[in-house]
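Subject: Structure for your review

Dear colleague,

Please find below the structure that I am handing over to you. A summary of the findings follows it.

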Amino acid sequence: MTRTALAVLLAVVTALSPAAARGPSPGDRGEVRTVLQGNVVETIPVRYLGVLRSAIGAGVDLHLVELEGPTADEVGVAAGMSGSPVYFGGRLFGALGYRLGTLPTKPIGGVVRFEDMEAARLAASGGREVGAGAAPIATPVTLSGVAPEVRSWLAGELVTSGMVLAPGGAEAQEATPALDGDEPTAPGQPLAVELVRGDLRIAATGTVTAVENGVVYAFGHPFIGSGRAELPMARAEIVHTLADRVGSLKLANIGPEIGAILDDRLTAVVGRIGGTARMIPVEVRIAENDGVRTRRFEVARQSELTPTLVASAVANVLISDVRFERRATVLAKGRIRFEHEAPLPLELAFSSATGAEPAIAAAVALQGVIAAVYRNPFREPDVAGIDLDLEAGGDASAFALSDLLYDRGTVRPGSTIAVTAVLDRYRGEPLRRRIDLPVPVGLAPGTRIALVVGDPDSVDRLTAGPEDVRLASAADLPSYLAVLAGRRPANVLTAVLVRADDGLVAAGAVRHDLPPSAERLAADGPNARPSLRERRRLAPLTRIEDALPGPVQGVATAVFTIAGGSEP
């Protein structure tokens, strides 16, 4: 934003509401206090420019200031300054929480009044831009012990949440001396929100605005905007503030835990010193030539971030600990444990032969499963822990179904359909797998049945219907999780014998041969969810699964007609 455009915007705002402003007047001088290195709070002069009425929310104004002096000219409004207290006349006015412009010629910041931070009663809006080129100051995310491939993937996942990745160190207890006063933190000091800790560490960094009776106010804008929160709060040490024309940022080491973030609102992140925040324990066991190596870490409970954090940590374990070759096959098996529900099994299979980095592909799939759990329409899942066993092979194995070989003769009830699946192997000879599927007794002559063979996702789409329809019909959290539990890993060659039949999708499952009275109860009961009657629904008769040493792709079908009589 140019100086001329900013002046015009402020003139318009002032003309519309000339007498509504409280506090400083345009031209008044004050200061912002923040740490640029170590734990020493520095002051940066500011000049008050004016106010944008209700720019953040109804009745929540954004006050504009220009940062002045050599420090401001060098670093501008840096990522990590969120929450830095702003004073006028020696009294706390609010928190520096926003920056204006993309490449402004002068550092212009937006200040949220402390009274609005204390209220902290407004839910955060979905958008991050608040208009007039103003956006929340980016939040640096400090990574310790994270592989470059994971860092690159994680950067893309977090950017939409207003976060930027920054190199950082691990525990900084010895580098964070005790501060003056009784509290373990103070206005202007850096504050970390721990996201992952243990064998690796990930944390977001902002600045403390005020501490009142053990309550910590920080950021001056939402972190994620979840409302109620449960996130560990820690001290931090600023190693250096990197000046950059595109966007300066603070580089930090993360210090000891001092409490918990309990609110993540439109105007502030609010925590309590001495509070505790539960985290989700994750244990990853890696099969190696000399045994099993175990990695343990804890992940923050935050529905928007938890799936990504778990996925990145698991991918990091694969790349950093297993050190498999770029061409590899990854098999994973585990479970998500809940406090009050049955565990949700996890099975995943990936290969670099499919064209993707297998560790990142595994991360994306794991992220999708956990995100689906958190997206359930019933209640916040009470995740007790996640366990995962990983096996990474040195060979890139993948299979493409190219043909089905079978006897096209007579099919009778009680007989067996013998099928040979021909699978083209990545960089190898084709693989042939024989599958014997028994034909159920009791099928009437003339009944048409179909054989569907292929990868589990393709087979399920053809035989069980779209997963989103089954999830939408779930009646409660257990039936919702049961749909997710039906997912099979990509390395399972699946063969299903089906017949055409009317079906009702209800309570997360496909129901066949229901009388009209039962259908009405399924659709109109006290726990009813949207149901869908579908003609030509395929009723499963027989299902066979065959695990392969790598993912399989493709699907093929064959149709048979039941002849009279039965197999002797």
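Which residues have the most contacts inside the largest nonpolar core? In this predicted model, they are Phe223, Phe297, Ile336 and Ile386. The core itself comprises 77 residues, and helix H6 gives the most to it, with 11 residues. As general background, nonpolar side chains in soluble globular proteins tend to be buried together.

One of these residues may be examined in detail. If its neighbours within four places in sequence are left aside, phenylalanine 297 is in contact with a number of residues, including Val196, Leu200, Ile280, Val282 and Val317. Its contacts also include Arg197 and Asp199, as well as Gly198 and Pro281.

There is also a second core, separate from the one above, with 24 residues. Among its members are Leu401, Leu451, Ala495 and Phe560.

I turn now to the aromatic rings. A pair of such rings is described by the distance of the centres and the angle of the planes. For rings whose centres lie within 6.5 Å, the count comes to seven aromatic pairs. One of them joins phenylalanine 88 and phenylalanine 93, with 5.6 Å from centre to centre and 85° between the planes. This pair is edge-to-face because its angle is over 60 degrees. Both phenylalanine 88 and phenylalanine 93 are buried, and together with Tyr48 they form one aromatic cluster.

Another edge-to-face pair is formed by phenylalanine 378 and tyrosine 480, where the centres are 6.4 Å apart and the planes meet at 80°. This pair links distant parts of the chain, as the two residues are 102 residues apart. Phenylalanine 378 is in the loop between helix H6 (358–374) and strand E21 (383–393), whereas tyrosine 480 is in helix H9 (residues 477–485).

Is each partner buried, or partly exposed? Phenylalanine 378 is partly exposed, because its relative accessible area is 27% and the limit for buried is under 20%. Tyrosine 480 has 6% relative accessibility, so it counts as buried.

A charged residue also meets a ring: arginine 33 lies over the face of tyrosine 87, at 3.7 Å from the ring centre.

Finally, please look at alanine 252, which is in strand E15 (residues 249–264). With a relative accessible area of 1%, alanine 252 is buried. Its C-alpha atom is separated by 7.8 Å from that of proline 167, although the two residues are 85 residues apart along the chain.

Yours sincerely

Technical notes. Residues are numbered from 1 along each chain as its sequence is written. This is a predicted model: local features need pLDDT of at least 70, side-chain atom pairs count only at pLDDT 80 or more; totals for chains, interfaces and linings use all residues. Side-chain values use heavy atoms; hydrogens and water are left out. Rings of Phe, Tyr and Trp (its six-membered ring) pair if their centres lie within 6.5 Å; planes under 30 degrees apart count as stacked, over 60 as edge-to-face and the rest as tilted. Buried means under 20% relative accessible area, exposed over 50%, partly exposed in between (1.4 Å probe, protein chains only). Helices (H or I, at least four residues) and strands (E, at least two) are DSSP runs, numbered from the N terminus. A charge sits over a ring if NZ of Lys or CZ of Arg is within 6 Å of the ring centre and within 35 degrees of the ring normal. A nonpolar core is a set of buried Ala, Val, Leu, Ile, Met, Phe, Trp, Tyr and Cys residues joined through side-chain atoms within 4.5 Å. Contact means heavy atoms within 4.5 Å.
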